[in-house]
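Student: Could you take me through one part of this model in close detail? I would like to start from a single strand and its pairing partners, and then see how charged pairs and enclosed space are laid out elsewhere.

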Amino acid sequence: MRESDEASRGSVGPLVRVDRFAFQVVVPPAEGAEIEGFVLTPLHPLDARAVPQLPMYERWAAHGRFELALEGVASEAFDVALGFDSVPASASVSIAPDPDGHWQVTLTAPLDALYREGLDAREVTLHLGPQGRVLLLHKLRLAAAGRGPEVERFELREATDSVLVHAPERKLFDLQNPEEGFWVGTGRWRLRLMVDWSRLESDGPTPFALDARPVALTLSHDRPEAEGLLVEDSARRSGPRRSYTEFYLDTSHPALAAGVPPEGSDLRVSLEVASQLGRAGEAPSFLLRWRRRFTLRLRDPRPSLAVFRRLSGVGIDFGTTATVAAYAHRGYRTLMRLGSPPDPTQNGAENPTVLLIEDHERLWSELANAVEGRRFPSLLRVVLGSHAASEQLREHPDAVVTEIKSLPERVVVLDQSPLLRDREKRANFVLDEPRVRGLVRTYAYLLGRAINRPGQEVFLRYWLTYPAQFDEHARALLVEELRAGILLSIPEGISADEVHVQMQATEPEAYAAEVCPELAAHPAFAPLLERYGELRFAVFDFGGGTLDIACGRYRPATPAEESASGCSTVIETLQVAGDDHLGGDYLTHELVWLTHQHDRHLPEMEAKEVPMQRPVTIPENKLARAPQLYRRSVAARQNKVAFERALKLEQVKFGPRHELARVENLGATDVANQPVTLQSLAGDVAGVQSKLARHLEERIADGARLLANMIASTPWEAPGATPAGASWRERGVVILLAGNSARSEYVERALATALNVPDLKVWTPQDTAAPAGVVRFETAPRVEKGAEILGVTPKTAVALGALRIANRDVHLVRAAQGFSYFVGDLKGFPPSFAALLPLGTPPADPAAEGPHYIDFGAWNGQKPLRVSREFEAQKMGATDPRLVSIRLDLPHDARGRLVVCAATPSTIGWRFTHDDGTVHRGTLVLTPYFN
């Protein structure tokens with residue numbers, strides 16, 4: 001706009017033209033405010049015709065200022081001041097245009113000069129000098145708007161592991177803490193910005209409303225050379241009451257590799273955010289901007305390497321169902337938490353060994369890119385782990401991978417890959433060895449993130465356990481990938497050579513390492529120690545996925561052992577065995593199956609076509625009336641989880657007093673993936689309960705008999721020193737119950753029968769009566785000198801025992817392991833199984849001749865070996881389900897004589913001599929036939 005035409009220039013002074021103008025309201029921060037004040041600007045460019053409606057908040061009017069930015073052209077120098085309704089409100093400013101006549105200026109006036117009570121419209125005017133001319137710029141409508149916008153809470157949280165595993169978030173205080181912050185070289189960290197606003201109050205009939213969702217955001221920091229160090233994910237912005245967005249801090253950025261001093265340094269960050277403000281119900285007309293400065297602490301882990309080397313080892317029970325990790329600090333032992341359980345009554349140290357795959361293609365890609373030099377793969381929205389994954393089991397059963405520990409054996413050894421379907425793309429995939437490796441590595445990486453807390457400790461030594469009955473190839477794969485996964489959680493500045501991961505103790509051995517020292521110090525066991533000079537143990541580890549048994553002794557170390565290990569005591573294992581399909585989770589699944597198949601329920605299941613996942617321990621029924629109900633499907637897996645949770649079948653296996661729940665209307669899914677409601681489960685459940693109890697007694701009895709056989713075959717004393725007919729008690733053996741499933745009352749009953757002790761009672765440290773030979777070591781947590789002493793449970797004791805071994809509190813040695821099976825033939829009339837090669841037989845070299853070969857007599861190419869994990873003389877016929885028939889690799893028409901020997905605890909060697917004198921030799925691994 002132009003102040004005058006050229007004809008009158010001589011009388012009114014220089015010609016002045018305003019080409020562009022814009023105003024903003026600037027409000028300084030209130031005392032104690034979370035942010036650095038506000039700046040309010042029109043959302044759209046202004047011209048002389050604009051009449052914006054400006055909110056006049058009480059505090060703004062008292063403390064704010066009105067800033068007007070102008071630019072234009074003038075014929076010569078002039079003075080200008082800002083005014084309202086032709087009354088000057090700012091100091092006059094002298095302007096000297098450039099040679100082309102262009103000029104620009106910003107004029108400032110206190111906001112209270114604009115606001116006048118009772119006025120709802122004002123003119124913004126320019127006062128030009130020296131003649132004092134007045135130029136109308138534009139008009140403003142004022143709206144008394146009550147209390148202005150106020151930030152109630154500003155929070156910046158690090159939430160990487162909260163997404164991955166439901167771990168607690170770290171707050172800004174933690175991120176700025178000079179003793180915490182972030183280790184450099186630990187990948188991308190997800191930061192969540194949350195700004196909560198007070199509700200706007202207005203005196204007018206049409207109040208202003210703030211949409212707090214950020215519409216513009218600027219991030220800057222004091223390391224401008226590190227492009228991409230801190231970036232926003234603008235797709236995560238949200239509102240309207242809360243300003244929310246997410247950032248990513250890349251601590252592995254190359255610019256940080258040599259840019260952090262030993263004592264650490266602050267990354268100074270400036271954040272500016274804009275949101276929209278306008279009349280409620282109308283299109284927004286203003287942008288409300290605010291700014292906040294903060295710091296993030298960056299630390300280099302390398303100067304602390306000497307401290308890390310002195311830290312405790314970490315004992316890890318990598319379980320089928322749950323994983324427990326333990327370490328020691330200043331004499332106290334601590335359990336790790338991988339995420340938070342949804343039920344606060346759950347043991348927070350028992351972390352589900354579960355992964356949910358969000359996007360399997362991205363997972364394989366991220367792992368492929370995470371090489372030794374670049375660790376910490378970015379798995380946000382790629383996987384969920386632990387509690388976060390297990391919560392999704394019912395809704396997304398195909399995307400949730402359970403029993404990760406058994407995958408190497410199931411997929412790589414036995415070729416039993418499950419069909420999976422990721423949650424993000426709904427794309428199907430199956431597992432092969434590289435993908436199994438990837439899943440084990442991923443879970444170990446998540447576990448390592450929880451152990452190596454950001455900016456604090458980094459642990460370098462790990463001792464993991466494995467099941468007693470485990471394929472060697474699968475074990476080697478687990479060790480390799482667990483180490484690789486844990487290494488991914490170590491800051492990049494620390495060499496891989498500093499990290500040591502071992503898997504050299506079975507779960508029952510680790511349990512003995514924890515419990516035996518405690519029992520040896522207990523007065524109740526002093527008579528046993530005085531009599532035998534050692535504590536003889538048999539661990540019955542009844543966990544979620546496997547039954548593991550170890551027999552051995554806790555004794556003083558020999559001088560050679562003490563010199564080699566530095567330990568004064570030894571856990572010596574004499575025999576290990578187990579059943580990798582007899583665990584709590586298998587039993588629970590079997591109970592679900594039996595409930596679905598019960599005569600009272602099956603008719604409704606078939607009428608409504610409600611499918612059910614068949615347990616791997618139940619053989620396929622080719623004569624099933626409705627085979628479509630037992631085929632692999634998402635609905636079948638969903639129903640398995642729904643039945644288990646609604647009927648409380650997980651609790652039923654712990655004893656007769658835990659009754660099957662009655663459910664009036666149980667929600668299920670039919671074969672067409674449509675919801676259905678079941679009513680048959682609401683009635684009398686006594687018949688079902690009785691059937692489930694009988695099944696539990698029979699299944700657990702199998703394990704109890706295996707224990708009895710192992711105790712009988714273990715060489716506790718020197719050869720020939722065992723008294724004839726001596727019982728396990730007379731030989732000083734203490735049976736230790738481990739694993740959460742060992743709490744079941746059915747275990748106590750089964751052991752009483754198998755061990756021929758009808759009055760058997762399980763002893764705990766809280767009992768005042770003398771122990772009778774069977775112990776469940778479980779202690780409550782307690783406080784000593786202000787510190788909490790960990791309680792020990794049948795599950796956590798395995799990790800604590802692994803910690804004892806890792807920290808050299810006790811030395812683990814293993815005697816030559818005896819054979820783990822019974823191999824034989826059907827003999828007599830009526831024929832029954834004869835164990836010609838029994839459990840506990842010392843393994844020998846199958847290539848050498850000698851008495852270790854057992855003569856199985858006349859044989860032919862059609863005759864199978866009979867193999868079992870149990871043996872009951874004269875009671876195991878040809879149809880006994882405990883017997884497995886295995887044919888040797890012989891010609892169909894071969895005839896001759898067979899001899900067999902134990903080559904390893906799970907392998908036999910055999911030699912077949914044909915009638916014509918030719919000889920066939922071979923070895924046979926028995927483990928796959930029992931999976």
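Tutor: Happily; we begin with a strand, move on to salt bridges and end with a cavity. Please keep in mind that this is a predicted model.

Let's look at strand E40, which covers residues 822–827. Five of its six residues are buried, so E40 is largely enclosed by the rest of the structure. The strand has partners to describe. With strand E41 (residues 832–837), E40 pairs in the antiparallel sense, and four bridges hold that pairing. One position to find on your screen is aspartate 825, whose bridge partner in E41 is alanine 834. E40 and E41 form a hairpin, with four residues between them. In that turn sits glycine 828, with a positive phi of about 80 degrees. E40 also runs antiparallel to strand E43 (residues 865–868), joined to it by three bridges. Here, glycine 824 of E40 stands opposite arginine 866 of E43.

Now to the charged pairs. The structure holds 70 salt bridges, and three of them show how varied the surroundings can be. Start with arginine 49 and aspartate 47, whose closest N and O atoms are 2.9 Å apart. Arginine 49 has a relative accessible area of 72%, over the 50% cut-off, and is therefore exposed. Aspartate 47 is partly exposed, at 31%.

Next comes arginine 297 with aspartate 266, where the closest N and O atoms lie 3.1 Å apart. This pair links distant parts of the chain: arginine 297 belongs to strand E18 (residues 286–299) and aspartate 266 to strand E17 (residues 265–279), 31 residues apart. Arginine 297 counts as buried because its relative accessibility of 13% is under 20%. Aspartate 266, at 24%, counts as partly exposed.

The third pair is glutamate 514 with arginine 804, and the closest N and O atoms are 2.8 Å apart. Again distant parts of the chain are linked, with glutamate 514 in helix H12 (residues 507–520), arginine 804 in helix H21 (residues 796–806), and 290 residues separating them. Glutamate 514 is buried, at 0% relative accessibility. Arginine 804 counts as buried too, at 14%.

Salt bridges can also join into a network, as they do for Glu534, Arg536, Arg553, Arg555, Glu561, Glu572, Glu717 and Arg731.

Finally, the enclosed space. Rolling a probe the size of a water molecule over the atoms shows where empty space is left. Here the count comes to three cavities of 30 Å³ or more. Take the second largest, which has a volume of about 60 Å³. Its lining consists of Thr160, Leu164, Arg188, Phe376, Pro377, Ser378, Leu379, Leu380, Tyr445 and Arg449. Helix H4 (160–165) and helix H10 (433–451) are the elements that give two or more residues to this lining. By character, the lining residues of the second largest cavity divide into six nonpolar, two polar and two charged.

Key:
Residues are numbered from 1 along each chain as its sequence is written. This is a predicted model: local features need pLDDT of at least 70, side-chain atom pairs count only at pLDDT 80 or more; totals for chains, interfaces and linings use all residues. Side-chain values use heavy atoms; hydrogens and water are left out. Buried means under 20% relative accessible area, exposed over 50%, partly exposed in between (1.4 Å probe, protein chains only). Two strands pair if DSSP finds at least two bridges between them. On a 1 Å grid over the protein atoms alone, a cavity is a set of points where a 1.4 Å probe fits but cannot get out, and a pocket is an open set with protein on both sides within 12 Å along at least five of seven lines; lining residues have an atom within 4 Å of a point. Grid points are joined across faces, edges and corners, and a volume is the space filled by probe spheres set on the points. Ala, Val, Leu, Ile, Met, Phe, Trp, Tyr, Cys and Pro count as nonpolar, Asp, Glu, Lys and Arg as charged, and the others, Gly among them, as polar. A salt bridge is a side-chain nitrogen of Lys or Arg within 4 Å of a carboxyl oxygen of Asp or Glu.
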